Amino acid sequence: MLRLKVTDLDFDGQTAIIQEKKKVKGKTTTRRVPLSAFLISVLKDWLKAHPDCAYLFCSATTVPRSRKRSTTTGHKGKTRPKTAAARAKGIETRTPQPAGVITPDECHDHFKRTVATSKWKNMRGWHVLRHSFISACASRGVDQRLVETWAGHMSAEMSRRYSHLYPSTQQAALATVFG
C-alpha cells in the first residue's frame with residue numbers, strides 16, 4: 001500500500017492498481033483491486049488535502065510529533081535535563097523536508113501510537129488488518145476466488161485457514177437450508 005501512487009487510482013472504474021514485489025522474484029507485478037464507495041469517498045477527501053507528492057500515502061513537509069518531520073529536533077542527548085530552560089536549549093529548528101513517501105518504519109510507528117490507548121493496543125501491526133479483511137469476507141460467504149484475487153498470491157490452503165474463524169456463520173448457513 002505504501003507504494004500506491006495517486007495515478008494508480010481509477011475512481012471511474014472503482015479500482016486501484018497494487019504494485020507487488022512478491023509474485024515474481026526481482027520483478028514488480030500488479031493486480032487490480034476494487035474500491036468500495038465508502039473508500040472512494042474517503043480517498044477523494046484525502047486528495048483535497050494531499051501534499052504535493054506522487055505517492056498516495058505521504059507525509060507533508062512537517063508532521064506534529066514526528067521523529068523526522070516535526071518543526072524542531074526535540075531533546076538531544078542521553079539524559080533529559082530537569083528544567084524546562086535547560087531542555088529548551090537543546091531544541092533546534094529543523095529545515096523543512098519536502099513532502100515524501102511514508103517509510104514502513106514511520107507507518108508502523110504511527111500505527112502503534114494510534115492504537116496504544118485503545119482496546120486494539122496488542123495488535124502487532126498493519127498485517128492483522130489484512131487477516132481481518134479476509135476473515136470478514138469469508139464469514140459473509142464471499143466467493144473464495146474473489147478474495148484470493150483481492151488479497152493476491154493466496155492459495156486455497158491459505159483460504160481454508162480463514163474459514164474456521166466464524167463457526168457461527170457455518171451454523172447460520174446450515175440453518176437457512178435445513179431450518
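The exercises below concern the sheet, the nonpolar core, one loop residue and one helix of the structure above.

The model is predicted: local features require pLDDT of at least 70 and side-chain atom pairs pLDDT 80 or more, whereas totals for chains, interfaces and linings use all residues. Residues are numbered from 1 along each chain as its sequence is written, and side-chain values use heavy atoms, without hydrogens and water.

**Exercise 1.** Determine the strand order of the open sheet and its pairing.

*Solution.* Step 1: strands (E, at least two residues) and helices (H or I, at least four) are DSSP runs numbered from the N terminus. Two strands pair if DSSP finds at least two bridges between them. Step 2: E1 and E2 are joined by 2 bridges and run antiparallel; Leu9 has Ala16 of E2 as its bridge partner. Step 3: strand E2 (residues 15–20) is joined to E3 by 6 bridges, again antiparallel, and Thr15 has Pro34 of E3 as its partner. Step 4: the order of the 3 strands is therefore E1-E2-E3, with antiparallel pairing. Strand E1 (9–10) and E3 are the edge strands, each pairing on one side only.

**Exercise 2.** Assign the residues of strand E3 (residues 29–34) to its two faces.

*Solution.* Step 1: in a regular strand, side chains alternate between the two faces of the sheet. Step 2: Thr29, Arg31 and Val33 form the covered face of E3. Step 3: Thr30, Arg32 and Pro34 form the uncovered face.

**Exercise 3.** Identify the residues of the largest nonpolar core.

*Solution.* Step 1: such a core is a set of buried Ala, Val, Leu, Ile, Met, Phe, Trp, Tyr and Cys residues joined through side-chain atoms within 4.5 Å. Buried means under 20% relative accessible area, exposed over 50%, and partly exposed in between (1.4 Å probe, protein chains only). Step 2: the 9 residues are Leu4, Leu9, Ala16, Ile18, Val33, Leu35, Ile40, Leu43 and Leu56. Step 3: E2 and H1 each supply at least two of them.

**Exercise 4.** Explain why His50 counts as buried, and describe its surroundings.

*Solution.* Step 1: His50 lies in the loop between helix H1 (37–49) and strand E4 (58–59). Step 2: His50 counts as buried because its relative accessibility is 16%. Step 3: beyond neighbours within four places in sequence, His50 is in contact (heavy atoms within 4.5 Å) with Val6, Tyr55, Leu56 and Cys58.

**Exercise 5.** List the buried residues of helix H3 (residues 104–115) and name elements that cover them.

*Solution.* Step 1: the buried residues of H3 are Glu106, Cys107, Asp109, Phe111 and Val115. Step 2: their cover includes strand E5 (100–101) and helix H4 (127–139).

Conventions. Expected span 1.5 Å × (residues − 1).
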